[in-house]
Amino acid sequence: MDQEKKLEVSNTSHTYKHHCSVGVDVHEIFVKRSRLRVVLSYIGIIFLLVNACQPLLTKESLSLGSVWNITFAVLVAKCLQYKPVKRESVVIMPAFGIQLEIHFWSGRVDHRFVPVGKILKPMINECVTPVTCYWSLALLLRDEEELLLVFQRSRPPVKMLVPIWKALCTLTNSQHPSPSQIPNHDP
């Protein structure tokens, strides 16, 4: 009989679901969609359209003020744009490798397959920018110059990354550190 295991962890912005059956280990991170952010993005797009169409409708010539107004409207609309990602998945197939999937709200799905022989080691990185600090899960790949981020579009908290990292360490026979060395806080 195939035995199926399930696990679910949730916070305000992400939900982590894990299920394992028939030798396939699936880890999914769902991005919760904020209604306020969606409404603000539509308001930003309307603001952009009004600013872009105002000089055309009033039959004015484009002045420097109009160009700055349109540029500002584009920046506001871009900042308020919500992330179209519904979920990101890591499908671990021990005999073959891993498949990274990005599912968008539009229905589009991006897939990337990484053979098990190409993975040298999975790593949890702390990424520090001038404005924020977050954790990411990356793969060190053979014959590649750059790390491959497992979650390309979302930034799940470290408590959701650790079980995926442990599963990837098991897949690659990497030794993972003791529990005291594993990060256990959210940024």
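**Entry 1: Lys 166**

I started with Lys 166, which counts as partly exposed because its relative accessibility is 35%. My cut-offs: buried means under 20% relative accessible area, exposed means over 50%, and partly exposed is in between, with a 1.4 Å probe and protein chains only. Lys 166 sits in helix H3. I also looked up Met 123, which is 43 residues away from Lys 166 along the chain; the two C-alpha atoms are 9.7 Å apart.

Before going on, I noted what I'm looking at: this is a predicted model, where local features need pLDDT of at least 70, side-chain atom pairs count only at pLDDT 80 or more, and totals for chains, interfaces and linings use all residues. Residues are numbered from 1 along each chain as its sequence is written, and side-chain values use heavy atoms, with hydrogens and water left out.

**Entry 2: the whole protein**

I listed the secondary structure next and got 3 helices and 9 strands. These are DSSP runs numbered from the N terminus: helices are H or I with at least four residues, strands are E with at least two. Along the sequence the pattern reads β-β-β-α-α-β-β-β-β-β-β-α.

How much of the protein is buried? I found 35% of the 187 residues. The exposed area is about 12,100 Å², and 59% of it is supplied by carbon and sulfur atoms. That area comes from the Shrake-Rupley method with a 1.4 Å probe; for residues, only the protein chains shown count as cover.

Then I checked contacts, meaning heavy atoms within 4.5 Å. Among contacts with a separation of 6 or more, 45% are between residues 24 or more positions apart.

**Entry 3: helix H3**

Back to H3, which covers residues 158-172. Does its length fit, or is it off? I compared 15 residues at 1.5 Å a residue, an expected span of 21 Å, with the 20 Å between the end C-alpha atoms, and they agree. The expected span is 1.5 Å times one less than the number of residues.

Why do I call H3 largely enclosed by the rest of the structure? Because 11 of its 15 residues are buried. Among them are Val 158, Leu 161, Trp 165, Leu 168 and Cys 169.

Thr 172 is in H3 too, and it counts as buried because its relative accessibility is 17%. Leaving out residues up to four places away in sequence, Thr 172 touches Ile 119 and Pro 122. Just after the helix, Asn 173 has a positive phi of about 60°.

**Entry 4: the sheet beside H3**

I traced an open sheet of 3 strands in the order E7-E8-E9, paired antiparallel. Two strands pair if DSSP finds at least two bridges between them. The edge strands, each pairing on one side only, are E7 (119-128) and E9 (148-149). H3 packs on this sheet and touches E7 and E8, and its direction makes about 160° with that of E7. For that angle, axes are lines fitted to C-alpha atoms, for helices over the stretch in contact, and angles run from 0 to 180 degrees between N-to-C directions.

E8 (residues 133-141) is joined to E9 by 2 bridges. Here Ala 138 stands opposite Leu 149 in E9.

**Entry 5: strands E3 to E6**

I began with E3 (residues 24-31), which pairs antiparallel with E4 over 6 bridges. Asp 25 has Ile 92 in E4 as its bridge partner. E4 is largely enclosed by the rest of the structure, because 8 of its 9 residues are buried.

E4 and E5 are antiparallel as well, over 8 bridges, and a hairpin with 3 residues joins them. In E5, Ile 98 is the bridge partner of Ile 92. E5 is then joined to E6 (residues 109-115) by 7 bridges, again antiparallel. This hairpin has 4 residues between its strands, and Gly 107 in the turn has a positive phi of about 105°.

**Entry 6: the core**

Which residues touch the most other members of the largest nonpolar core? I noted Ile 98, Leu 137 and Leu 168, out of 26 residues. A nonpolar core is a set of buried Ala, Val, Leu, Ile, Met, Phe, Trp, Tyr and Cys residues joined through side-chain atoms within 4.5 Å. E4 (85-93), E5 (97-104), E7, E8 and H3 each supply at least two core residues. H3 gives the largest share, 10 residues.

Last, I looked at Ile 98: not counting residues up to four places away in sequence, its contacts include Val 91, Phe 113, Leu 139 and Leu 168.
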